[in-house]
Structure formats: C-alpha cells, structure tokens
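Work through the exercises below with the sequence and the 3D view open. Try each task before you read its solution.

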Amino acid sequence: MKKKQTQIRQYAKIMSVFLVAVVIGLLIFFYCIQRSVEHRSQKMMMNNVSRQSVHLRTILNIQYAYLNGLAEEIGKSDQLLDQKNINLLQSMTKNTDFGATALIEPDGTSHYSNGQTKNVSHRRYYREAMSGKRTLSEPLDSSISGSTRVVLGVPIYKDKKVIGILGGSYDVTALSRMLFEDLFDGEGCSMIIAQSGEVIAFEGDTSYWNIDYRDNFYTYCKKLMIKDNVTAKMIKQDFYKGKSNLVTADSKKKGNVRHYFAYMPMKINNWMLCYAVPEKTAQQSYDFIEHYEIIFMAVFVILVILLVLYIVHENYRRDQELMKYAQTDALTGLYNKETTKLRTDEILSTDKDMIHAFLILDMDCFKQINDGYGHAVGDIVLQKFGQLLRDIFREDDIVGRIGGDEFVVVMKNIKMKEMAIAKAEELLTKTQQYEIKELNGSAISISIGIAMAPEDGDCYMDLYKRADQALYQAKRSGKARVCGY
C-alpha cells in the first residue's frame with residue numbers, strides 16, 4: 001500500500017510539473033503573439049504616417065508647381081498689376097484649393113484677390129520669396145472657421161529678375177483631415193506640430209484627446225503615462241533632431257486607455273506630423289487572431305484534459321497489472337503464497353466472529369506426472385486445476401497456490417464445518433472426473449486437509465499447521481480423500 005501511495009505521489013508530481021510546463025508554454029506563446037500584434041500594428045502606424053507625410057509634401061509640391069506656372073505667365077506681362085493678372089488671380093482663387101491669393105509688389109504691398117491690400121514686408125515668407133526661393137509661411141493667426149492656413153509663395157521673374165511674389169493661402173487643417181480621415185474609421189487625431197511644440201494644426205475630437213490647436217504638445221505629453229521608459233523630454237529631443245518614433249502612452253483621464261502616438265518630420269519648416277490612435281483601434285485588423293486564440297485555447301484544453309485522462313487511465317491500468325502481477329502466481333493466475341497469507345490474516349482480523357474454513361490441497365503423485373509426461377504437461381495440469389478451483393469456489397473466497405502442487409482455499413463466512421467438508425468432497429469428485437487430454441485418459445486426484453477458524457486458530461500460520469496435519473492424515477490414509485483437523 002505504501003508503495004502504491006508513493007507511486008501515486010510520483011504520478012501527481014509528474015502531472016503537476018507537466019501542467020505547469022504547459023501553462024508556462026501557453027503564456028509564452030500568447031505573450032509572443034501579443035508582442036507580434038503590437039509590433040505589426042505599430043509598424044503599420046509608422047508606415048501610414050510616413051506615407052501621409054510624403055503625400056502631404058507631394059500635394060504641396062503640386063501646388064508650388066501650379067503657382068510657378070502662373071508666376072511664369074504673370075512675369076510675361078508689362079505690369080505686375082495689370083487687369084489681366086488681377087483676373088487671373090481671381091480665377092485662381094475661384095477654381096483652386098487656395099482660400100485666398102495675392103500678388104505682392106517688391107516693396108511688400110500685397111494685393112489680394114478680394115481687392116484688399118496689406119503690407120507684408122515684415123513677413124519671413126516675403127523675404128525668402130524675394131530672394132528667389134519658394135516659401136511656406138508660419139501658421140497665420142487669422143484662420144477661417146477654426147482652420148489653420150499657411151501662405152505658399154513663389155517669386156515672379158522678368159528678365160531673370162524678381163519683380164514680385166505670387167502667394168496662395170492654403171488650409172493645412174483640411175489637408176491633414178484629408179490625409180487621415182480614412183484611417184481607423186476616423187477614431188484617431190492628426191497634428192502638425194512646430195519644433196517649439198506648438199500644435200499648428202489639429203484634426204480630431206478635442207474633448208477626447210484633451211488637446212487642440214495652439215496647445216503645446218510637450219506639455220501635453222507630461223500629462224500622459226508614457227511606456228517603455230520614454231519621457232516628454234525625450235520626445236522633445238526627437239522633435240529637435242527630426243527623428244521619427246512611436247510611443248505608447250496611457251491617458252489618466254480615460255481610464256488608462258492605451259494609445260499610440262506616431263510622429264515623423266515633414267521636412268517643411270522643421271514641422272512634425274503626428275498621428276494618434278487608441279491601441280485597440282490600431283490592432284483591430286488583428287482581432288481575428290484573438291478569436292483563433294480562444295479556439296486554440298479551447299481545443300488545447302480539451303486535448304490536455306483527454307491526455308491527462310489517458311495518462312491517468314494508463315497509469316491506473318498499469319498499476320492494476322503490476323498489482324495483479326505482484327499478487328498472483330504467474331502459472332495459474334491464483335494468489336501467490338505471500339498474498340494468500342496477507343489476505344487470510346486480513347479476513348481473520350476483520351471477521352473474527354465468523355466461521356471460516358482453511359483448506360490445503362495437495363495433488364497426489366504429481367511427481368509421477370512430471371516424470372512420465374514432462375514438466376510442460378505438469379504445468380498444464382496445474383493451470384487447469386487452478387481454473388477448476390476458480391469455477392468451484394465463490395468469487396470472494398481466497399484461492400492461492402503456495403507451492404509446487406500445493407494450494408490453499410479459504411472459504412469465508414460459512415455457517416458450519418460440514419459445509420466446508422461437503423465442498424471439499426465435491427472438489428475431490430470433480431477433480432477425479434476432470435479430463436485433461438494431455439494425460440491420455442489418466443485422471444488426477446487430490447488430498448485435502450481442513451482446519452476451521454476460529455476453532456483451530458485465528459491466524460494463517462496456526463490454521464496452516466492444523467490443516468497441514470489433517471492433509472498428512474489424508475495422505476497416510478490412502479490419498480484422494482478429505483480429512484479435518
């Protein structure tokens with residue numbers, strides 16, 4: 001019993017280690033999947049921002065090309081402000097994306113398409129354009145409908161000399177909206193941020209993101225719980241170095257909802273293009289993986305359960321086989337000597353008030369069978385006699401082989417000694433009538449000695465001695481008979 005308990009503890013330990021290893025393996029597996037999803041969604045974010053940054057510059061270059069073409073036509077006129085050029089200016093405002101257009105004289109006087117005039121000689125874009133460069137202004141304070149506008153300016157040449165500037169007011173907020181409105185169903189926000197951190201264009205839900213046009217992005221970052229040991233100071237350094245990056249941050253005011261912030265230099269006026277989106281939204285294209293994970297987990301758990309049940313069943317079956325092998329005689333399948341003794345003592349100790357019969361059976365002249373027919377036939381005789389014992393006695397009686405041709409039967413809980421004698425006589429008769437073809441018609445016989453418990457003893461050894469004496473008397477009396485102690 002102790003050996004069996006030790007084996008059970010060993011199996012339990014092995015199964016525990018196995019299950020722990022499986023759980024750890026699953027955790028590592030799902031962690032790797034999650035990290036892969038994060039990496040891919042972040043890479044997709046950076047690719048989107050990179051493409052849109054290139055797209056934005058492409059659109060501006062197209063506008064510059066359009067302005068250069070008109071500036072070349074205007075430069076062919078004798079006078080900068082003749083009616084033809086004014087009409088061209090008004091037509092450009094009406095038929096293009098420019099909100100307002102202007103012809104700027106060399107002294108800085110700007111003539112707008114709506115008829116207004118204004119001196120812009122103090123503006124940086126005026127000085128750059130007069131020096132022969134195309135220019136882009138800082139965001140203008142005067143905005144239309146809350147949008148942010150900049151002035152694109154190109155020089156007007158006549159005889160290789162700058163005679164003025166053609167300028168157009170462009171809505172960068174609308175441009176930003178156009179670039180990002182189809183991404184993630186519009187759940188993110190886009191920003192164009194100056195090197196100083198000032199948000200010069202914002203498109204998104206200001207109530208959700210808690211940031212708006214003219215706010216400072218660096219100050220905003222200080223309110224976020226930024227992950228991976230990134231700080232607001234490090235983000236500011238990226239902006240000054242023109243370095244692209246993606247940071248993950250939790251919003252304290254949004255129930256710690258995690259967001260991605262991807263930023264990249266626009267290569268225009270040291271501006272940075274930034275796009276932010278909730279992490280869950282950024283990963284929504286990988287939601288199918290989560291469904292597969294659930295299916296995989298369910299299938300895996302079922303397989304593990306089946307495996308565990310199979311292992312338990314196999315261990316139990318093996319234990320039963322080992323136990324049976326350890327308790328039984330290999331030739332006859334009956335209890336062996338040690339098990340017969342243990343089971344007998346167990347019955348005698350638990351059912352002390354009951355009557356039990358202890359029978360010793362010895363095959364008569366078995367040596368002659370071995371000598372005359374060979375040991376192989378002798379083994380067959382013992383096997384078939386063992387089967388006869390199982391057929392005659394009850395299932396809960398103890399039937400064992402304790403020696404070469406010596407057997408023991410313990411008849412449990414009988415009412416009187418006569419019942420044991422009657423059963424022994426029945427066995428004696430059936431044994432003599434039992435045909436074994438290997439003996440070529442010869443019959444076998446047995447002698448039986450009987451002792452009774454508790455009358456003749458209350459343990460195996462006492463009963464064995466008494467029954468053995470009775471068996472000796474049966475042998476001396478001519479064999480093939482039953483004797484009681």
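The exercises that follow use a predicted model.

**Exercise 1. A helix with two sides**

Task: Find which residues of helix α14 are buried, and state where they lie around the helix.

Solution:
- Step 1. Locate the helix. α14 covers residues 460–476, which makes 17 residues.
- Step 2. Check its length. From its first C-alpha to its last, α14 reaches 24 Å, close to the 24 Å expected at 1.5 Å a residue.
- Step 3. List the buried residues. They are Tyr460, Leu463, Ala467, Ala470, Leu471 and Ala474.
- Step 4. Look down the axis. The buried residues of α14 fall within an arc of 105°, so they line one face of the helix.
- Step 5. Turn to the other side. There, Tyr472 and Arg476 are exposed.
- Step 6. Find the packing partners. The buried residues of α14 pack against α10, β13, β15, β16 and β17.
- Step 7. Look just past the helix. Glycine 478 takes a positive phi of about 120°.

**Exercise 2. The sheet under the helix**

Task: Give the strand order of the open sheet that contains β13 and β16, and name its edge strands.

Solution:
- Step 1. Read the order. The 5 strands run β14-β15-β13-β16-β17, with mixed pairing.
- Step 2. Find the edges. β14 and β17 each pair on one side only, so these are the edge strands by definition.
- Step 3. Note the twist. It averages 20° from one strand to the next.
- Step 4. Examine one pair. β13 and β16 run antiparallel and are joined by 8 bridges. In this pair, aspartate 362 has serine 447 of β16 as its bridge partner.
- Step 5. Add the helices. α14 packs on the sheet and touches β13, β15, β16 and β17. Its direction makes about 145° with that of β16. Helix α13, residues 417–433, lies across β13, β15, β16 and β17. α13 runs at about 165° to β16.

**Exercise 3. Two hairpins in a row**

Task: Follow the chain from β1 to β3 and state which residue takes a positive phi in each hairpin.

Solution:
- Step 1. Pair β1 with β2. Residues 100–104 and residues 109–112 pair in the antiparallel sense over 3 bridges.
- Step 2. Inspect their hairpin. It has 4 residues between the strands, and glycine 108 takes a positive phi near 100°.
- Step 3. Pair β2 with β3. These strands are also antiparallel, over 3 bridges.
- Step 4. Inspect the second hairpin. It has 4 residues between the strands, and glycine 115 takes a positive phi near 95°.
- Step 5. Use histidine 111 as a link. In β2, histidine 111 is the bridge partner of leucine 103. Histidine 111 also stands opposite threonine 117 in β3.

**Exercise 4. One threonine**

Task: Is threonine 101 buried or exposed?

Solution:
- Step 1. Place the residue. Threonine 101 is found in strand β1.
- Step 2. Apply the cut-off. Buried means under 20% relative accessible area. At 1% relative accessibility, threonine 101 counts as buried.
- Step 3. Find a polar partner. A polar contact of 2.5 Å joins its side chain to that of threonine 93.
- Step 4. Check contacts beyond four places in sequence. Among them are Leu89, Met92, His111 and Gly167.

**Exercise 5. An enclosed strand**

Task: How many residues of strand β5 are buried?

Solution:
- Step 1. Count. 8 of the 10 residues of β5 are buried, so the strand is largely enclosed by the rest of the structure.
- Step 2. Pair β5 with β6. They run antiparallel, joined by 10 bridges.
- Step 3. Inspect the hairpin. It has 2 residues between the strands, and aspartate 159 takes a positive phi near 55°.

Conventions
Residues numbered from 1 in each chain as written. Predicted model: local features only at pLDDT ≥ 70, side-chain atom pairs only at ≥ 80, totals over all residues. Heavy atoms only, no water. Expected span 1.5 Å × (residues − 1). Buried < 20%, exposed > 50% of the residue type's maximum accessible area, 1.4 Å probe, protein only. Arc of directions from axis to C-beta. Contact = heavy atoms within 4.5 Å. Polar contact = N/O pair within 3.5 Å; in protein donor to acceptor, adjacent residues only side chain to side chain. Axes fitted to C-alpha atoms, helices over the stretch in contact; angles between N-to-C directions.
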